[in-house]
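Work through the exercises below with the sequence and the model side by side, and try each task before reading its solution.

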Amino acid sequence: QVQLVESGGGLVQAGGSLRLSCAPSGRTFSTYALGWFRQAPGKEREFVAAISWSGGNTYYADSVKGRFTISRDHAKNTVYLQMNSLKPEDTAVYYCAADATPFRGVVVTTSSDYNYWGQGTQVTVSS
């Protein structure tokens with residue numbers, strides 16, 4: 001079982017930046033594709049960004065493309081979500097997720113494809 005722990009959320013003004021981090025506890029996720037999802041109050045969880053196991057492929061939701069960047073550091077066993085030019089509509093709980101199919105060459109964007117989830121970290125963007 002992989003437990004994922006997110007950090008880096010908080011309150012920021014519109015136009016500001018935050019960097020979220022996610023690391024597993026107890027084992028490495030170096031062979032797994034990883035993703036970030038978010039859920040705003042009263043809305044369904046939605047895909048934000050994903051990165052392949054190697055880090056060579058990334059994919060973004062249209063709503064964050066050009067503003068958010070997903071990356072991973074294998075040496076630190078950590079995945080990041082750099083969020084710039086934040087907007088009030090980015091306010092949500094952000095979740096890190098791991099796809100337990102090892103060495104999957106493509107990124108996946110459907111939540112049901114992910115096997116392990118973190119508890120989430122709150123991001124609030126004020127106008």
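The exercises go from the whole chain to single loop residues and then to the core.

The model is predicted, and local features need pLDDT of at least 70, side-chain atom pairs count only at pLDDT 80 or more, while totals for chains, interfaces and linings use all residues. Residues are numbered from 1 along each chain as its sequence is written, and side-chain values use heavy atoms, with hydrogens and water left out.

**Exercise 1. The fold as a whole**

Describe the secondary structure and the overall dimensions of the protein.

Solution. Begin with the elements, where helices (H or I, at least four residues) and strands (E, at least two) are DSSP runs numbered from the N terminus. The protein has zero helices and 11 strands. Next, take the dimensions: the C-alpha atoms fill a box of roughly 40 × 30 × 25 Å along the principal axes. The radius of gyration is 13 Å, which agrees with the value near 14 Å for a compact globule of 127 residues; the radius is taken over C-alpha atoms, and the globule rule is 2.2 Å times the number of residues to the power 0.38. Finally, turn to contacts, meaning heavy atoms within 4.5 Å: of those with a separation of 6 or more, 59% join residues 24 or more positions apart.

**Exercise 2. Three loop residues**

Place Gly-8, Asn-77 and Ser-85 in their loops, and decide for each whether the residue is buried, partly exposed or exposed.

Solution. The classes rest on relative accessible area, with buried under 20%, exposed over 50% and partly exposed in between (1.4 Å probe, protein chains only). Gly-8 lies in the loop between β1 (3-7) and β2 (10-13), and its relative accessible area of 35% makes Gly-8 partly exposed. Leaving aside residues up to four places away in sequence, Gly-8 touches Leu-18, Arg-19, Leu-20 and Thr-121. The C-alpha atoms of Gly-8 and Gln-122 are 8.7 Å apart, although 114 residues separate the two in sequence.

Asn-77 sits in the loop between β7 (68-73) and β8 (78-83), and at 16% relative accessibility Asn-77 counts as buried. Ser-85 belongs to the loop between β8 and β9 (92-99), and with a relative accessible area of 42% Ser-85 is partly exposed. Now check the backbone: phi of Asn-77 is near 55°, a positive value in a residue other than glycine, and Ser-85, also not a glycine, has a positive phi of about 50°.

**Exercise 3. The core and a buried serine**

Which residues of the largest nonpolar core touch the most other members, and what does Ser-21 touch?

Solution. A nonpolar core is a set of buried Ala, Val, Leu, Ile, Met, Phe, Trp, Tyr and Cys residues joined through side-chain atoms within 4.5 Å. The largest such core has 37 residues, of which Trp-36, Val-79, Leu-81, Met-83 and Tyr-94 touch the most other members. At least two residues of this core come from each of β3 (18-25), β4 (33-39), β5 (46-51), β7, β8, β9 and β11 (121-126). In soluble globular proteins, nonpolar side chains tend to be buried together.

Follow one member next: beyond residues up to four places away in sequence, the contacts of Leu-81 include Leu-18, Trp-36, Val-48, Phe-68, Ile-70 and Tyr-94. Ser-21 is found in strand β3 and is buried, with a relative accessible area of 15%. With the same sequence neighbors left out, Ser-21 touches Val-5, Glu-6, Ser-7, Trp-36, Thr-78, Val-79 and Tyr-80.
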